[in-house]
Amino acid sequence: MSSTAESAQPAPFTADDHRARMARAARSAAEAGLSGLLVAPGPDLVHLTGYQPVPTERLTFLVLVEGQDPVLVVPTLEAPDAERAAGGPALKLRDWTDGKDPYAVTAALLEGRGRYGISDNAWAMHLLGMQRELPGTTYTALTRALPMLRAVKDERELARLEAAGAAADATYREILKVRFSGRKETDVAADLAALLLDFGHSQVDFTVVGSGPNGANPHHEAGERTIEDGDMVVLDIGGLKHGYGSDTSRTVHVGQPTDEEQRVHDIVREAQQAGYEAVRPGAACQDVDRAARAVIDDAGYGAYFIHRTGHGIGVTTHEPPYMIEGEEQPLVPGMCFSVEPGIYLPGRFGVRIEDIVTVTETGGRRLNNTPRELAIVE
């Protein structure tokens, strides 16, 4: 396998970038009728502040209220790390030492009867602690209250997503040179993981290798099955590079496909193209799903397309918005999401083709650009 050095690091996000994100989030919260936001360690905190602590029993909360300076409630022993974060200069730190009550510290920043958005991944013990301290407050999950909090990317975020997509594309091109027949799915999955890292990923989130009947399971974990000549093989890879996600799927065939296998692949490719062509500002998320699904329905395989057409991507590989029936959120330039229809025939084989797409001022632009035709491997 070929190797490549990691590409140059992109320009770092600045304190001003994070200050603007926090101001936008606080304003969006107020517009949604919330008193403010409580942001726990996790992707929302990374996006807003650049600070990435390990979640523990010690409480850390970013408190955002429109018209007030952002405050980070943080354990004293972790305060130096918070200060050094990219968004540190934009924060006021309110630190607390072991033996003190962090919920009382946080409560002093909140309204006694306020309604707050809170990170989905906040620990139950911390939410319950806040409810005990301020029983008049109520809370709602951030993805329900502000589903578009991280959805629209700026130019520097898009550059990171492009770099991650290019690395995933390079990984796919390299894996086509590898022998599949006679090897276990786990062997090919290990090759994929190594290539993602080789092409600059810092984290591998998944390497799906679904051969033969295993390909009919969209999230099949690579197993001990030996790949055979005549297998269709679904490949789905993704992870983080420069802190932003990649996610792409292609389906390959070991040896020459049957007419049916080629036909099913052609249908999925047409559906993926239709979904991509539906991307434009002002269209609803569900329009992308409808466009892709209509092709598969019309071909008689509608019952075998068993998942949504796409999901957002950013500092995590799965986040809002979702391309699914019933989601009327309009597409906005800067949104990034997958378009990944599939057909899954139980006990036989599956096909999925996936690109990350960003919304432009006039339509959509793919961030994955490897061939979508059925590749033949050995």
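This report describes two helix pairs in a predicted model.

## Basis of the values

Residues are numbered from 1 along each chain as its sequence is written, and side-chain values use heavy atoms, with hydrogens and water left out. Because the model is predicted, local features need pLDDT of at least 70 and side-chain atom pairs count only at pLDDT 80 or more, whereas totals for chains, interfaces and linings use all residues.

## Helix 9 and helix 10

Helix 9 (residues 259–277) and helix 10 (residues 285–298), named as DSSP runs of H or I with at least four residues and numbered from the N terminus, have axes that come within 7 Å and cross at roughly 155 degrees. The two helices are therefore roughly antiparallel to each other (angles over 145 degrees, taken from 0 to 180 degrees between N-to-C directions of lines fitted to C-alpha atoms over the stretch in contact).

Helix 9 supplies I267, E270, A271, A274 and G275 to the contact, and helix 10 supplies V288, A291, A292, V295 and I296, where contact means heavy atoms within 4.5 Å. By class, these residues divide into 8 nonpolar, 1 polar and 1 charged (Ala, Val, Leu, Ile, Met, Phe, Trp, Tyr, Cys and Pro are nonpolar, Asp, Glu, Lys and Arg charged, and the others, Gly among them, polar).

## Helix 7 and helix 8

The axes of helix 7 (residues 155–175) and helix 8 (residues 185–198) lie 9 Å apart, and the helices pack at an angle of about 140 degrees, which makes helix 7 oblique to helix 8 (outside the ranges under 35, 65 to 115 and over 145 degrees).

From helix 7, A168, T171, E174 and I175 meet V188, D191, L192, L195 and L196 of helix 8; this contact has 6 nonpolar, 1 polar and 2 charged residues.
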